[in-house]
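Trainee: I should like to work through this model step by step. May I put my questions to you in turn?

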Amino acid sequence: MSAQLVAGEHGVLRVFNEAGVFAAADVHVARRVAALSGAEIGDHELVALALAVRAVRTGSTCVKLDRITEIVPETPEPGDGAAPAEPPAQMPWPDPGELVRTLTASPLITGCPTGPLRPLALVTSDDGPLLYLRKYFRQEQTIRDILAQRRAQRPQVEAPALAAALNEVFGSDVDDGGYDRQRAAAALAATSWTTVLAGGPGTGKTYTVARILAVMQALLGSDVRIGLCAPTGRAAAQMQASINDHRADLTALRTAPVATTVHKLLGWRPDGSYRRGADDRLPYDVVVVDETSMLAVSMMSRLLESLRPDARLILVGDPHQLSSVDAGAVLADLVERRDREDTPLPEAFEAVAAAPAGEFDAAERLALADGVITLTRGHRYGGQISEVAAAIKASSGTDVDAVIDLITGEAAQRFADDTRGRVILVDPDELEPVRRTVVEWARRLRATANSADAAGALAALMQHRVLCAHRDGRHGVSGWSRAIIGWINDDLGAGIGAAGWYTGEPILVNRNDPTHGIFNGDSGVVIGTGDATRVVFARGTGVLPLYPSQIADSSPVYAMTIHRSQGSQFGAVTVVLPDADAHLLTKELLYTAVTRAQNQVFIVGTEHELRAALSRSVQRASGLGSAVREIGG
Ligand SMILES: Nc1ncnc2c1ncn2[C@@H]1O[C@H](COP(=O)(O)OP(=O)(O)OP(=O)(O)O)[C@@H](O)[C@H]1O
């Protein structure tokens, strides 16, 4: 029985609650909204309400009603005290067709006797009927409408001016590595109001952003107003540092704008409202959003409302990574949109950056005309990691053998002699290779930190990181941190674990602190001793040193969750797979974890767990990828 059982719930929601399909919060909110409606709410409408609430809680903006019977109970997080749910053989799901008929006439859709309350929205789509909490339907509609308006027009750019700007920034030599998609991305950004710049880690997204900004300055003047932002403070600080570094060898980038969080850009207020919106637009001519995969639907709709129609928007990110914590997977939806019209490419783009025949297939050409370009050439690493990452992306739930073969089968033999880029499956009962790597990492960290070598200590810090799916439990951050501390103490006689800072301690910042320039998720290391003790953080190629007293909220970091590792890269990572039935174990989680590594990946788990990860995909239902029409509203 689940620990989340709602006391006193005896109605239709009880069986779903007992089975672990609906959490207590879903049941409570559904009951509360039904009561507020003042109308007679039937059992099927109650189930629909709870489904819509559950959808948002689990990251979707809506429910695909044709597929409700595929919903599986959630497995509890380790350590939350709940025993796994035992679903009955047959859940009493309403028939989807009947549910749509009931909802079409329901006061929850058409309007309630108590007032203007219409909490649900029902729409038709390419994926069949979709059910929303109305707030999320409105946000999606805002995104859809504004993007359509922005798509209907193109900025006026003359081909000769664009060619000159591209040549100034990228040079005029033809790259013998084939069609240059980075240059094409800059041409697309100059000739579209909205551009989506997608690509995996190391494909040069930030490199390209720096050049896009330089092209904009060449075209629009160096006083062009640029807003750089990212969903988290850490991602914003990282982008800022990289763009600053790029200025060293990119003279065409005359000034580097200041990056901030999307919240701050939009003027977030403590009451949860935003200063910026349709009535108070952002002053920028160009807005760049980095790590857009982490942007929730609510923030995206607010950002779009806040843009001037004649401001260029450039959305940057990897659509295959884990999505935002809040509802929505907007970047993936925009990259995979299925209702694209066959529109011509911008004339100036065709004139200066047209791809040779065969470079883009029909679908990619449609995407390009829609402002979406995907960088495909890796600039950071190759080898087995890249091939495994590509195979994870390409795998479908039922066809995972290619990935397994690349990691443990015959295909893996090709990489046997490589010293870099390896992906190795480690049996959880034979952890010696991981232990050796961790101890060596700690040894280097301590040596560099003891000699107060900030750059060396930061390089050592980023050489290895253990990544877990969960915070708690045997396979989680807490269990692994304990094990790692034990290994380090045994091998180095370090005596770690006592309270207080110690030289060589790796730390993770838990709260944004813009005053001192550190952000939630930043990792740093304690160096030096006595009065010379500092905690240092990497900022691009530079170092940010702080006094320990300046760090208000941090914890030692021997392992971290894969979610928190997004946006960071390490020399090597050890990815700890949870039990095969953990609902967090998905191919997006595995892809995100594997692509955090530059040189080596250990995957601690069994082939069974690996297959479980690959066979499950994060299902985020949304209506953004297809045309929709509201019914019954
Ligand atoms: N065309 C290029 N020529 C030379 N070096 C490049 C090129 N494109 C990218 N690089 C280099 O490759 C590395 C990775 O690029 P970059 O950091 O821009 O990738 P990214 O896609 O933003 O990666 P991540 O998503 O991990 O932040 C950087 O060192 C960058 O300078």
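Mentor: Certainly; please note that the model is predicted. One definition comes beforehand: an axis is a line fitted to C-alpha atoms, for a helix over the stretch in contact, and angles run from 0 to 180 degrees between N-to-C directions.

Trainee: How do helix α3 and helix α4 stand to each other, roughly perpendicular or roughly parallel?

Mentor: The axes of helix α3 (residues 43–57) and helix α4 (residues 96–104) come within 10 Å and cross at roughly 95 degrees. Angles of 65 to 115 degrees count as roughly perpendicular. The two helices, α3 and α4, are therefore roughly perpendicular.

Trainee: How many residues in the contact of α3 with α4 are charged?

Mentor: From α3, the contact takes His-44, Glu-45 and Ala-48, and from α4 it takes Leu-99, Thr-102 and Leu-103. By class, three are nonpolar and two are polar. The number of charged residues is one.

Trainee: What is the relation between α7 and α8, oblique or roughly parallel?

Mentor: Helix α7 (residues 159–170) and helix α8 (residues 181–191) have axes that come within 11 Å and cross at roughly 140 degrees. The crossing of α7 and α8 is right-handed. Angles over 145 degrees count as roughly antiparallel. The relation between α7 and α8 is therefore oblique.

Trainee: How many residues of the contact of α7 with α8 are nonpolar?

Mentor: Leu-162, Leu-166, Val-169 and Phe-170 in α7 meet Arg-183, Ala-186, Ala-187 and Ala-190 in α8. One residue of this contact is charged and no residue is polar. The nonpolar residues number seven.

Trainee: Which strands stand at the edges of the sheet, each with a single partner strand?

Mentor: Five strands form an open sheet with antiparallel pairing, in the order β15-β14-β13-β12-β16. A strand at the edge has a single partner, so one side of it is left without a neighbour in the sheet. The edge strands are β15 (542–546) and β16 (554–556).

Trainee: Which residue in β13 stands opposite Ile-507?

Mentor: Strand β12 (residues 506–509) and strand β13 (residues 523–527) run antiparallel and are joined by three bridges. The partner of Ile-507 in β13 is Gly-524.

Trainee: Which helix packs on the sheet?

Mentor: This helix covers residues 454–461 and touches β12, β13, β14 (534–539) and β15. Its direction makes about 135 degrees with that of β13. The helix is α20.

How values were computed. Residues numbered from 1 in each chain as written. Predicted model: local features only at pLDDT ≥ 70, side-chain atom pairs only at ≥ 80, totals over all residues. Pairing = 2+ DSSP bridges. Helix = DSSP H or I, 4+ residues; strand = E, 2+ residues; numbered from the N terminus. Contact = placed C-beta atoms within 7 Å. Parallel < 35°, antiparallel > 145°, perpendicular 65-115°, else oblique. Left-handed = near helix turned anticlockwise from the far one by under 90°. Nonpolar A, V, L, I, M, F, W, Y, C, P; charged D, E, K, R; others polar.
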